[in-house]
Amino acid sequence: MSSFNDKQNETQSTPQVTSCVVYEYSAEDKKSKSTRISRTIMSVITLIAVLICGYTGYSLAVTDTDTEPDPPKYTVQFVKPENGEITGSGSYEAGKEIIVRATPYEGYVFRGWYEKTGVDENGEPQYKRISKHKNHRIKVEKDVVLRAKFRKATTVDTSQPAE
């Protein structure tokens, strides 16, 4: 009894198997009643392909089209604040809405949230004010660097009527 490889060597016209491909079907195909028979046939073909690939020594690549790629993630970073604390930095999936929070230390008030827009000709970071609220909602759509600014609180003497 001769093997597949022996028969292949006997004649030059026999095609060589260089790779094995398996049919891919999506979740939509799996849900359709009309594709049950097709899926059964494809399962048999897949089994045959696995056997042929195993017999010939070629590797088999199977792709599952049901898995969606992970959405991109973006980073929300903070510049270390002076005179307050901030929370909300981290890595988030694209499109996620988060809240960044600023808490001034005693004797200070919150001035605003600022987003880094670039650097000037001297290499100094440039910021644009994006909110005056301590708790600011952001939809994460890109990597961002945020800065919370605080200033010394001014006390107003309310015991004396204004003149």
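This passage describes the nonpolar core, the salt bridges, a surface patch and selected residues of a predicted model.

The largest nonpolar core has 14 residues. Within this core, Val76, Ile98, Val100, Ala102, Trp113, Leu146 and Ala148 touch the most other members. Two or more residues are given to the core by each of strand 6 (97–104), strand 7 and strand 10 (144–152). Strand 10 gives the most, with four residues. In soluble globular proteins, nonpolar side chains tend to be buried together.

The surroundings of valine 100 were examined with neighbours within four places in sequence left aside. Among the contacts of valine 100 are Val76, Trp113 and Leu146, and these three residues are also named with valine 100 among the core members that touch the most others. The remaining contacts of valine 100 are Phe78, Thr87, Gly88, Lys134, Asn135, His136 and Ile138.

Glycine 112 lies in strand 7. Its relative accessibility is 0%, and glycine 112 therefore counts as buried, the limit being under 20%. With neighbours within four places in sequence left aside, glycine 112 is in contact with Arg129, Ser131, Lys132, Arg147, Ala148 and Lys149. Of these contacts, Ala148 is also named among the core residues that touch the most other members. Between glycine 112 and asparagine 135 the separation is 23 residues in sequence and 9.8 Å in space, taken from C-alpha to C-alpha.

Two salt bridges were counted in the model. One of them joins the side chains of arginine 137 and glutamate 97, with an N to O distance of 3.6 Å. This pair links distant parts of the chain, since arginine 137 is in strand 9 (residues 135–139) and glutamate 97 is in strand 6, 40 residues apart. Arginine 137 has a relative accessible area of 53% and is classed as exposed because this value is over 50%. Glutamate 97, with a relative accessible area of 45%, is partly exposed.

The other salt bridge is formed by the side chains of lysine 142 and glutamate 115, at 3.1 Å from N to O. This pair also links distant parts of the chain: lysine 142 is in the loop between strand 9 and strand 10, glutamate 115 is in strand 7, and the two are 27 residues apart. Lysine 142 counts as partly exposed, at 47% relative accessibility. Glutamate 115 has a relative accessible area of 17%, which is under 20%, so this residue is classed as buried.

Strand 7, which holds glutamate 115, covers residues 108–119. The side chains of glutamate 115 and lysine 142 also make a polar contact, at 3.1 Å. When neighbours within four places in sequence are left aside, the contacts of glutamate 115 comprise Gln126, Tyr127, Lys128, Ile130, Lys142, Val144, Val145 and Leu146. Leu146 is in contact with valine 100 as well, and Leu146 is one of the core residues that touch the most other members.

A nonpolar patch of about 290 Å² is found on the surface. The patch is made by Ile37, Ile41 and Ile45. Isoleucine 37 belongs to helix 3 (residues 36–56). The relative accessibility of isoleucine 37 is 63%, and this residue counts as exposed because the value is over 50%.

Methods
Residues numbered from 1 in each chain as written. Predicted model: local features only at pLDDT ≥ 70, side-chain atom pairs only at ≥ 80, totals over all residues. Heavy atoms only, no water. Polar contact = N/O pair within 3.5 Å; in protein donor to acceptor, adjacent residues only side chain to side chain. Contact = heavy atoms within 4.5 Å. Core = buried A, V, L, I, M, F, W, Y, C linked by side-chain atoms within 4.5 Å. Buried < 20%, exposed > 50% of the residue type's maximum accessible area, 1.4 Å probe, protein only. Patch = residues over 30% accessible without salt bridge, like charges linked within 9 Å, V, L, I, M, F, W, Y side chains within 5 Å. Areas by Shrake-Rupley, 256 points an atom, 1.4 Å probe, with all protein chains shown as cover. Salt bridge = Lys/Arg side-chain N within 4 Å of Asp/Glu carboxyl O.
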